[in-house]
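Let's take a walk through this protein together. Have the sequence and the coordinates open, and keep a finger on the residue numbers as we go.

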Amino acid sequence: MYYLIFSIVCSVAVSILLKISKNQKISINQAVAVNYPVAAISAFVLFKPNFNSNFNILLSEWQILLLLGILLPAVFIIMGECVNRAGIAKSDAAQRLSLFLPIAAAFFIFGETLSLGKIKAVILAIVSLAALVYKPKVNTNGKGAVWTLLGVWLGYGIIDILFKQLSKNASMTATNLCTIFVLSAIVLFAYLIIKKTRWTAKSIFGGIVLGCLNFGNIYFYFRAHQVYNNNPTLIFAAMNLGVISLGTIIGTAVFKEKINIINIVGIFLAIIAIICLFYTI
């Protein structure tokens with residue numbers, strides 16, 4: 001339970017940092033690029049992974065590690081394009097509704113038992129997600145909007161599934177995290193070099209903070225999957241619902257963002273859905 005809460009808090013803290021980045025003149029692309037080596041160093045220093053003894057296991061998982069190394073930075077870039085083309089509301093909806101994919105994988109790939117209680121809890125979770133991300137009168141802009149929305153939805157869903165697969169081997173957590181962070185750094189730094197990016201001190205500092213938060217988010221998410229290894233639906237749903245609920249509350253209280261009555265109902269439904277999911281364990 002505590003691992004899941006810590007992961008949610010770190011995730012929302014990342015969103016807050018991205019929210020204030022524009023006013024602080026922080027380049028999001030640069031900050032995200034710096035965040036990966038910072039997260040890799042954090043994992044290496046704190047958990048001292050043994051790459052030599054785990055080398056053969058890494059080789060056996062190289063397809064998943066490479067996919068995550070590419071997907072993590074790539075989906076972020078797609079998300080930025082999606083915000084420009086489809087708007088923040090629909091982009092956020094696409095990201096959170098990617099919950100459909102890992103839940104389907106929990107039953108059809110990971111062999112989780114499908115009970116009536118879980119079906120009811122998942123349905124309630126989906127309804128609450130729809131209510132939480134609902135915003136009226138949001139228009140898409142450009143023919144590419146649909147494809148970027150699909151990219152965000154599919155990308156985040158696949159990332160959740162891949163993390164669940166890797167989390168099965170608890171002894172490899174630190175080694176896997178370091179490897180994924182390094183691969184992600186290589187991919188995004190290569191992208192920025194191609195774009196001939198001019199680096200700024202503020203963006204680098206923002207990336208250091210982002211790296212610490214991102215490391216905490218992913219590590220605690222891994223640990224939550226390991227604690228509730230036989231109930232991945234709980235983690236998939238609770239993480240998504242918890243992040244969007246806390247994010248909505250902070251956005252309204254701190255940043256004075258407007259929410260409608262349907263969003264408020266969604267927060268309460270999300271809390272109920274999480275409780276129901278816990279009772280199905």
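In which helix is Thr179 found? Thr179 is found in helix α9, which covers residues 173-194. Bear in mind as you look that this is a predicted model. Is Thr179 buried or exposed? Its relative accessible area is 16%, and since buried means under 20%, Thr179 counts as buried. Setting aside neighbours within four places in sequence, Thr179 is in contact with Phe51, Leu58 and Leu65. There is also a long-range pairing to look at here: Gly69 is 110 residues away from Thr179 along the chain, yet their C-alpha atoms are separated by 8.1 Å.

Now step back to the whole chain. The protein has twelve helices and zero strands, so if you read the elements from the N terminus on, you meet α at every position, α-α-α-α-α-α-α-α-α-α-α-α. Of its 281 residues, 48% count as buried. The contacts reach far along the sequence: among those between residues at least 6 apart, 90% join residues at least 24 apart. The accessible surface comes to about 14200 Å², and carbon and sulfur atoms account for 70% of that.

Next, look at how helices meet, beginning with α2 (residues 28-47) and α10. Their axes are 6 Å apart, and the two helices pack at an angle of about 50°. That angle is neither under 35 degrees nor in the range from 65 to 115, and α2 and α10 are therefore oblique to each other. In passing α10, α2 makes a right-handed crossing. On the α2 side the contact includes Val34, Val38, Ala39 and Phe47, while α10 contributes residues including Ile204, Gly207, Leu210, Gly211 and Phe215. Sorted by class, this contact has 15 nonpolar residues, eight polar ones and no charged ones.

While you are on α10, which spans residues 201-227, find Asn217. With a relative accessible area of 14%, Asn217 is buried. Which residues does Asn217 touch, leaving aside its neighbours within four places in sequence? They are Ser7, Cys10, Ser11 and Met239.

A second helix pair gives you something to set beside the first. Helix α6 (residues 100-108) and helix α8 (residues 145-166) have axes that come within 7 Å and cross at roughly 35°. This crossing, too, is right-handed. From α6, the residues Phe100, Leu101, Pro102 and Ala105 meet Trp153, Leu154, Gly157, Ile158, Asp160 and Ile161 of α8. By class, the contact of α6 with α8 has eight nonpolar residues, one polar and one charged.

Finish with the backbone in two loops. Most residues other than glycine have a negative phi. With that in mind, turn to Lys25, in the loop between α1 (2-21) and α2. Its phi is near 60°, a positive value in a residue other than glycine. Lys25 is exposed, with a relative accessible area of 67%. Then move along to the loop between α9 and α10, where Lys196 lies. Lys196 is not a glycine either, but has a positive phi of about 55°. At a relative accessible area of 71%, Lys196 is exposed.

Notes:
Residues are numbered from 1 along each chain as its sequence is written. This is a predicted model: local features need pLDDT of at least 70, side-chain atom pairs count only at pLDDT 80 or more; totals for chains, interfaces and linings use all residues. Side-chain values use heavy atoms; hydrogens and water are left out. Helices (H or I, at least four residues) and strands (E, at least two) are DSSP runs, numbered from the N terminus. Buried means under 20% relative accessible area, exposed over 50%, partly exposed in between (1.4 Å probe, protein chains only). Contact means heavy atoms within 4.5 Å. Accessible areas come from the Shrake-Rupley method with a 1.4 Å probe; for residues, only the protein chains shown count as cover. Axes are lines fitted to C-alpha atoms, for helices over the stretch in contact, and angles run from 0 to 180 degrees between N-to-C directions. Angles under 35 degrees count as roughly parallel, over 145 as roughly antiparallel, 65 to 115 as roughly perpendicular and the rest as oblique. A crossing is left-handed if the near helix is turned anticlockwise from the far one by less than a right angle, and right-handed if clockwise. Ala, Val, Leu, Ile, Met, Phe, Trp, Tyr, Cys and Pro count as nonpolar, Asp, Glu, Lys and Arg as charged, and the others, Gly among them, as polar.
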